Each structure stands twice: as C-alpha cells, then as structure tokens.
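Reader: I would like to go through this model and ask what lies behind the terms used for it. Please start with the definition that comes up when a helix is set against strands.

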Amino acid sequence: MEKLIDKSGRRINYLRLSITEKCNLKCIYCSRYVQSDERKIGFMTPEEIERIVHIFQKIDRVKIRLTGGEPLLRSDIVEITKRLSKFHSVDSFLTTNGILLKRYAQLLKDAGLKRINISLDSLKEDVFKRITSGGNIKDVIEGIYQAKMVGFEPIKLNVVLLRGINDGEINSFIDFGERMGIIIRFIEVMPLGMKHWKRYFVSNDELISRLKGLFDKRYPIISDGPARYYKLKNGMEVGFISPISHNFCDTCSRLRITSDGFLRTCLVNGREYNLIGLLREGGSDDEIIEFLRKAIEEKQGCGDYSDITHFRPMVEIGG
Ligand code: SAM
C-alpha cells in the first residue's frame, strides 16, 4: 500500500497517541491557564486504540508513542500495550513521568513495550515539588531504577529547563545520566500551557556552550528526528531538542491523536480532525485510510513553535 507522504515529501510514520488527559502531576509549564471548549467525548477504548494502530500498520511500519496526560494512570495500560505488541510492524514506546513506573515497569516489559522515556525536571526534592505542584521525586527515582532493572534500554530522561528554577542543575543531570546509564535530553520550553514562558526560556545553544568542555570532539553530532546528540568525553550521549531555537519541521514524521480520538497533524497548528467520530460511525478501514490521507495532505509544511496560539497544553494534546 502507498505510504503516507505529505506534500512536503515527509514520510509520516510516527504516531503520538495520547491515552488520557489526566495527570498525577501539575507541571507549571504544562497545565491549563485558559478555558477551551470541553468536549467530554471520553477516552478511546483499548479496542479503538488497537483498531487505529491496526490501520496505521497496514500502511507502513510505525512507531507508536503512548503518552498523555500520564499514560500509567490508565488502569488498562498493560492491556493496551499487549494489544499493540502483537503487530510485528509496530514499535511501541511510552513517555511517563515515572511516578507509577515502579509498579508497572515489569508488567510493561512483559507486555512487549520496547522503550521508555521518562520526564524529570529536577533532581532536588523541593524544586521537583515546585515544578510539579507537589510531586514526590522519590517515586520517579525508584521508577527509573526499576525500569533499568527489568531491562529497558536505552532509557531517555527528558528535562525541560526553566531559567531561575532548575537551570543550575545541568551538570547534576549529566552526572546522574552517567551514574544510571541513561541518556539525558534537554528540551526547550514551548509556549503551551505557560503564560510567561519567555521569562523562563533557556536556549539549547546556551546550554551547548556551557557544556562545550565536556564534548568529545572526535565524534560527529548525530541528528535523530528532532533531537541532536553530542557524545561526551565520559562516553555518554546527551541530547538537545530545540523546537524554539532550531526548528525541525523538515524532519517531522508525526501525527498526534488526542485522548478523545481527534487527529492533529501539527503541534503548532491547532486544527483537529474527528477520527473517532468516523470510527464510531462504523467507518471501514479504507474510509479511515482515505480520511488520514486527506488530513495529511493538509499537514502544515512548517510551524513557528514560538508563536503557538491555540494554548491547548501538552497534557491535553499528548506530549
Ligand atoms: N506524563 C508523561 C510525561 O511526563 O512524560 C507524558 C506527557 S508529558 C505532556 C510529555 C512531555 O511533554 C514531558 O516531557 C513534558 O516535559 C513535555 N512538555 C509538556 N509541556 C511542555 C512545554 N510547554 N514545553 C516543552 N515541553 C513540554
């Protein structure tokens, strides 16, 4: 079958699938501060998620990242993972804040999950509490240990740096990555869910110049999707995801599906397509594939991340 290629020639084979809007943390850059229309359509069921993934994998080999909200808040997360793992041409990944990971790591590994990314913005108890509005860092650290123990490899730790809050912890994160054998990735904060984001913004160029002395210059910088990886002298890799300072739209292979089943072809552009409606009205696989192709035809070539105006926070879109 013809692959999903958009009008800019990008092959679309990466699906970020939000499975809940709920989160057990309330990060200061990721929560709602303006009202939007409440849709209240409800979450997609495991059967609906499987159906969507089934259709995608008929078209191409796909990467599916389960996200949210906090995906481990879905009590059927293991069932969802199992349903995706049975497709040979699907690589299923998960992004989590790690709070419930200690409980789920082994179950998810057994269910066939391939990789885990964990979000953690501070290694200090009080700063973590402040950023997450009350989270307990101990839960996340225990979750990371457990994920290592059950054999997830590589584990990537995503860190959003905020000036004046956690930007003094760069070297602590590098040390932590080395100690734990995990890849640290620094992500620039985007104007989703944070009103005065510019006040807190730290550019990755600034970070790179602060860390320059640690880089092993014998190795090239590796670009992998939106991330650029540098090799450090200690053998570790450190990644930088820079949506604001280094636009990476030309490599975009993504679609997003919100937890209530709406398709988004671009994070910057707020347009949504009612995929779940078609599914629930009994749309056939062919009709759904046609729907996907039409939406992808309209996928924006390039968007300005520093000028996102729809203000729907990541927790709702699926980060
Ligand atoms: N709960 C899961 C987690 O914490 O990884 C998945 C959802 S969370 C929305 C996914 C990622 O989006 C996290 O790494 C978070 O830091 C990132 N994120 C959320 N809002 C962001 C923003 N305004 N700018 C940059 N990254 C953001």
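Author: Contact means heavy atoms within 4.5 Å, and angles run from 0 to 180 degrees between N-to-C directions. Keep in mind that this is a predicted model.

Reader: Which strands does helix H6 lie across, and at what angle does H6 run to S6?

Author: Helix H6, residues 170–180, lies across S5 (155–160), S6 and S9, and its angle to S6 is about 150°.

Reader: What makes S6 and S9 a pair?

Author: Two strands pair if DSSP finds at least two bridges between them. Strand S6 (residues 183–187) and strand S9 (residues 237–241) have four bridges, in the parallel sense, so they count as paired. Isoleucine 187 is placed opposite isoleucine 241 in S9.

Reader: Why are S7 and S11 said to stand at the edges?

Author: The sheet is open, with eleven strands in the order S7-S8-S9-S6-S5-S4-S3-S2-S1-S10-S11 and mixed pairing. S7 (222–224) and S11 (263–264) each have a single partner strand, so one side of each lacks a neighbour in the sheet.

Reader: How do you know that glycine 69 makes a polar contact with the ligand?

Author: A polar contact is a pair of N or O atoms within 3.5 Å. A polar backbone atom of glycine 69 is 2.9 Å from a ligand nitrogen, so the pair qualifies. A backbone N or O atom of threonine 96 is 3.4 Å from a ligand oxygen, so this pair qualifies too. For methionine 190, a backbone N or O atom lies 2.9 Å from a nitrogen of the ligand. The ligand taken alone exposes 540 Å², of which the protein buries 94%.

Reader: How many residues of each class make up the shell around the ligand?

Author: The shell has seven nonpolar, eight polar and two charged residues. Of the 17 residues around the ligand, those that come nearest are Tyr29, Gly69, Thr95, Ser119 and Met190.

Reader: Where is proline 154, and what kind of peptide bond joins glutamate 153 to proline 154?

Author: Proline 154 sits in the loop between helix H5 (137–149) and S5. The bond is cis, with omega about -5°.

Key:
Residues numbered from 1 in each chain as written. Predicted model: local features only at pLDDT ≥ 70, side-chain atom pairs only at ≥ 80, totals over all residues. Heavy atoms only, no water. Near = heavy atom within 4 Å. Polar contact = N/O pair within 3.5 Å; in protein donor to acceptor, adjacent residues only side chain to side chain. Areas by Shrake-Rupley, 256 points an atom, 1.4 Å probe, with all protein chains shown as cover. Nonpolar A, V, L, I, M, F, W, Y, C, P; charged D, E, K, R; others polar. Helix = DSSP H or I, 4+ residues; strand = E, 2+ residues; numbered from the N terminus.
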